[in-house]
Amino acid sequence: MKPFVEPIYVTRPMLPPLQEVENKLKEIWDDRWLTNCGKQHALLENALSVKLKVPYLSLFNNCTTALMVACSALRLAGEVITTPFTFAATPHVLTWNNIKPVFCDIDPITMNIDTNKIEQMITPKTTAILAVHVFGVPCDVERIQQIADFYGLKVIYDAAHAFGVEINGRGIGTYGDVSAMSFHATKLYHTIEGGAVMHNSKCLKSRIDFLKNFGIKDEEHVVMPGINGKMNEIQAAMGLINLTYVDSEMSKRENLVNIYREELSSIEGLVLPTVLPNVKSNNQYFVVRISEKLFGVSRDYVYEKLKEFNVYSRKYFYPLCSDYTCYRQLSSSSAENLPCATIIGTECLALPLYGELSEESVRKICHIIKNIPKGRLLL
């Protein structure tokens with residue numbers, strides 16, 4: 001089998017027609033307003049509140065800043081329980097707020113924080129739970145809220161992967177005290193760079209909006225020590241355009257996901273992404289788990305073999321955050337404390353998935369994967 005002529009990457013950004021971008025830029029040029037919450041910013045904030053079914057939404061320059069401000073807005077301190085199976089930004093935002101991350105093991109099915117392990121991690125210093133909807137699969141939001149209510153904790157959700165995800169028709173951003181979403185170019189929906197904080201409180205929105213703009217109330221009053229987390233007008237304009245195409249992108253990805261499932265569902269040693277009842281998925285990622293014992297070769301071997309065919313998958317998330325040198329010294333980072341995460345971290349592989357990817361390419365990728373352990377692939 002011949003390699004792909006052009007590289008097949010794990011994702012590609014959704015790019016709207018260039019003429020539409022030029023038209024939006026003309027609006028911005030005419031307004032001569034480039035940042036500081038202008039017209040495009042206001043339009044996008046309102047449109048996303050409707051699209052994501054959340055009462056209040058604050059736009060940010062990226063999701064990391066959004067999470068940092070969310071922690072500050074909730075006045076978190078001490079320790080916060082989180083997951084090691086996530087992107088680096090999740091524990092980093094705690095450290096930047098002088099909060100100690102406490103790593104909790106993950107559920108073997110959803111790969112989200114294991115709600116059966118959270119309570120044993122709680123100490124008198126614990127102020128919140130920072131959970132992640134990994135690969136867009138919702139956490140056990142009801143159980144997490146029960147635990148938080150019983151112990152008097154706040155709940156933050158890193159919903160970076162969860163654009164458009166719903167539980168029984170309810171927007172994912174309405175759970176917990178706050179949720180933060182990423183609009184990075186690698187995501188299903190993007191504003192080039194960007195993010196948002198979503199919540200149910202008008203009062204909290206006011207505080208968050210102050211914090212993302214240096215704490216400035218007006219020309220003569222600064223009411224709190226904020227930072228510069230504002231989304232600019234060009235980012236917002238791109239977001240408005242992409243909002244008209246995101247449903248089509250989701251539909252294309254769903255079709256490709258169905259092909260992946262059709263081709264790979266019967267392969268021993270491959271565990272396909274979890275599908276939860278009553279959940280509207282966004283199909284942002286297609287991440288398989290590869291059991292070396294059952295599949296015959298390791299995840300890392302498949303990763304390297306795919307590159308020989310010009311297919312660039314991703315070991316996502318690897319390494320675990322708890323293995324970073326800056327967190328390795330924490331007692332909660334030990335492999336004994338994180339047995340499930342430690343195994344899953346060596347098994348997950350994100351396969352290429354984006355709207356422009358052809359059905360033929362997906363079937364070829366599946367054919368390569370199925371034949372790797374059989375040793376039948378010749379370049």
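**Exercise 1. The seven-stranded sheet**

Determine the order of the 7 strands in the open sheet of this predicted model, and explain why one side of strand 2 and of strand 4 lacks a neighbour.

*Solution.*
1. The strand order is 2-10-9-6-5-3-4, and the pairing is mixed.
2. Strand 2 (56–60) and strand 4 (100–103) occupy the edges; each has a single partner strand, so one side of each is left without a neighbour in the sheet.
3. From one strand to the next, the twist averages 25 degrees.
4. At the strand 4 edge, strand 3 (residues 79–82) runs parallel to strand 4 and is joined to it by 4 bridges. Isoleucine 81 has valine 102 of strand 4 as its bridge partner.

**Exercise 2. A helix on the sheet**

Identify the strands that helix 3 touches, and state the angle between its direction and that of strand 9.

*Solution.*
1. Helix 3 (residues 63–73) packs on the sheet, where it touches strand 2, strand 5 (126–132), strand 6 (154–158), strand 9 (178–182) and strand 10 (195–199).
2. The directions of helix 3 and strand 9 make an angle of about 170 degrees.
3. Helix 3 also contributes to the largest pocket: with 3 residues, this helix gives the most to the lining.

**Exercise 3. The largest pocket**

Describe the volume and the lining of the largest pocket.

*Solution.*
1. The space in the pocket amounts to about 420 Å³.
2. The lining comprises 25 residues; Phe87, Ser182, His184, Lys187 and Tyr316 lie nearest the centre.
3. Helix 3 and helix 4 (89–96) each supply at least two residues of this lining.

**Exercise 4. The nonpolar cores**

Establish which residues of the largest nonpolar core touch the most other members, and which element supplies the largest share.

*Solution.*
1. The core has 43 residues, and Leu48, Ile144, Phe163 and Phe183 touch the most other members.
2. Elements that each supply at least two residues include helix 2 (39–51), strand 5, helix 7 (233–243) and helix 8 (246–264).
3. The largest share, 4 residues, belongs to helix 5, which spans 141–151.
4. For isoleucine 144, contacts beyond four places in sequence are made with Ile113, Thr115, Ile118, Ile129, Ala131, Cys139, Val155 and Tyr157.
5. A second, separate core holds 30 residues, among them Leu256, Val311, Leu353 and Ile365.

**Exercise 5. The three-stranded sheet**

Give the order and pairing of the open sheet of 3 strands, and explain its edges.

*Solution.*
1. The order is 8-7-14, with antiparallel pairing.
2. Strand 8 (170–171) and strand 14 (279–280) are at the edges with a single partner strand each, so one side of each is left without a neighbour in the sheet.
3. Strand 7 (residues 166–167) pairs with strand 8 over 2 bridges; the partner of isoleucine 167 in strand 8 is arginine 170.

How values were computed: Residues are numbered from 1 along each chain as its sequence is written. This is a predicted model: local features need pLDDT of at least 70, side-chain atom pairs count only at pLDDT 80 or more; totals for chains, interfaces and linings use all residues. Side-chain values use heavy atoms; hydrogens and water are left out. Two strands pair if DSSP finds at least two bridges between them. Axes are lines fitted to C-alpha atoms, for helices over the stretch in contact, and angles run from 0 to 180 degrees between N-to-C directions. Contact means heavy atoms within 4.5 Å. A nonpolar core is a set of buried Ala, Val, Leu, Ile, Met, Phe, Trp, Tyr and Cys residues joined through side-chain atoms within 4.5 Å. Buried means under 20% relative accessible area, exposed over 50%, partly exposed in between (1.4 Å probe, protein chains only). On a 1 Å grid over the protein atoms alone, a cavity is a set of points where a 1.4 Å probe fits but cannot get out, and a pocket is an open set with protein on both sides within 12 Å along at least five of seven lines; lining residues have an atom within 4 Å of a point. Grid points are joined across faces, edges and corners, and a volume is the space filled by probe spheres set on the points.
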